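Please look through the sequence and the structure below, and keep them at hand while reading the report that follows.

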Amino acid sequence: MTVGGRADPDLSESFGEALLGVFLDRAHELPPHLVGPLVAETVVRIGGREPQILLQDYGQQYLVPLPGAGGAAGDPQPIDRSEAGRCFLGSHPVEVPASDGVRVHLPLLDGADQVGVLAVTLDGIDDDIRRLLRRIAGLAADLLQSKNGYTDLFFRTRRSEPMSVAAEIQWSLLPPLSMVMPHVAVAGVLEPAYAVAGDSFDYALNGDVLHLAMVDAMGHGLDAATMATVAIGAYRHARRISIELSEIYLFMDRAVAEQFDQDHFVTAQMMRLDTDTGRLHWVNAGHPAPMLIRSHRVVRRLDSPTTFPVGIGGAQPQVSTVALEPGDRVLCFTDGLIEEHESGQEQFGEEQLIDWVNRLEEADHGIRTVARDLSHTLKRARGETTSDDATLVLVEWRG
């Protein structure tokens, strides 16, 4: 049919549109516990069977099947030794031939964060099915994230051991552990995952500026978690009203001082990265100096004038600046990463940290994989000992 010499667009529903349309039409009112069955129902319509939704546990060691997903249950799969883990770490599909067809693993990507893995078995696969599966996985990841805020189901699935109340507070405070964008990427790890108390970090990408803060509240348990919560809350408020980096420190300092005694404090590091130019600005408030990684080697510490920790009442700090090159990474970490005593002997120390960073960087992995591997490797090197919080965050300027 034509109107005015122009052909009307074909508005009839194709198979692919109908498949994804049912998913979208039902998603907004879907109870969280029916996310898995809806995903399973959708992949069955393209010949899939034994579907699994696998979520990363808090310790970043396993991918845990979401219960009631309408398909295969199964045991947790180790991230380091499974095809699902290879898919998760590489953020790309992995297809494994099987006696009854092919097992396909797809990353569940929600924007720049990775939720987990969708796995499904098919008799065979072609580019059309790959395209549909990729889009189903994208919709499933968005749905998991959007429903996450009003259910405990996904939190429970991701826990492989009991979590302390302080850790509960810290995990509820965190942004996504990773963000990968064309110009910049961020990845962080908290240890001990189920007992972390005073360590936390926060970031936001506002236009062409990445904002990042890392804090380490003194002490342990709920007191430390409460201080970290106040510090991060003050940081977010100051950042959102767009005050200067040095003034953010003063704002955080007042907030902590007003709520806690004079002998309570929080070490902190606040950064701003211009993702267009690679110019990095930072303020150090009693925190270990970050490290600059270039061409997969630690080239130097980013030493800078430091001021008192937040809460003690330091003067307005000096802002330091460095020009990054495309591909540079900046490693921020709390003192628990280097001050742990190795099996009751000497402190682990910065030199060992640098040595392990250089070894892992040689493999040329993505920033999420390096951050995770570095945290786990350092923990093993310390004899699995973590008496203090040990947090690290990697920032990559991609140019």
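## A salt bridge across the chain

In this predicted model, the side chains of Arg-372 and Asp-80 come together in a salt bridge, with a distance of 2.9 Å from N to O. Arg-372 belongs to helix α11, whereas Asp-80 sits in the loop between β5 (77–78) and α3 (83–90), so this pair ties together parts of the chain that are 292 residues apart in sequence.

The two partners can also be described by their accessibility. Arg-372 has a relative accessibility of 1% and therefore counts as buried, while Asp-80, with a relative accessible area of 44%, is partly exposed.

## Other salt bridges

A search of the whole structure finds 20 salt bridges, and one of them joins the side chains of Glu-325 and Arg-294 at 3.6 Å, again taken from N to O. This pair, too, links distant parts of the chain, since Glu-325 is in the loop between β17 (320–323) and β18, and Arg-294 is in strand β15, 31 residues apart. Glu-325 counts as partly exposed at 41% relative accessibility, and Arg-294 is likewise partly exposed at 22%.

Within a single helix, Arg-359 forms a salt bridge with Asp-355, their closest N and O atoms being 2.6 Å apart. Both residues lie in helix α10 (residues 349–361), where a spacing of four residues corresponds to about one turn of the helix. Arg-359 is partly exposed at 44% relative accessibility, and Asp-355 is partly exposed at 33%. Elsewhere, salt bridges that share partners join Arg-329, Glu-361, Glu-396 and Arg-398 into one network.

## The open sheet

Which order do the six strands of the open sheet follow? They are arranged as β9-β10-β19-β18-β15-β16, and their pairing is antiparallel. Because β9 (178–180) and β16 (297–301) stand at the edges and have a single partner strand each, one side of each is left without a neighbour in the sheet. Neighbouring strands are turned by 20° against each other on average, if direction is ignored.

Helix α11 (residues 367–381), the helix that holds Arg-372, packs on this sheet and touches β9, β10 (184–191), β18 (329–333) and β19 (390–397). The direction of helix α11 makes about 25° with that of β10.

## The hairpin at one edge

Strand β15 (residues 291–294) is joined to β16 by four bridges, and the two strands run antiparallel. Among the partners in β16, Arg-300 is bridged to Leu-292, and Arg-301 is bridged to Met-291. The two strands form a hairpin with two residues between them, and Ser-295 in the turn has a positive phi of about 55°.

Key:
Residues are numbered from 1 along each chain as its sequence is written. This is a predicted model: local features need pLDDT of at least 70, side-chain atom pairs count only at pLDDT 80 or more; totals for chains, interfaces and linings use all residues. Side-chain values use heavy atoms; hydrogens and water are left out. Two strands pair if DSSP finds at least two bridges between them. Axes are lines fitted to C-alpha atoms, for helices over the stretch in contact, and angles run from 0 to 180 degrees between N-to-C directions. Contact means heavy atoms within 4.5 Å. A salt bridge is a side-chain nitrogen of Lys or Arg within 4 Å of a carboxyl oxygen of Asp or Glu. Buried means under 20% relative accessible area, exposed over 50%, partly exposed in between (1.4 Å probe, protein chains only).
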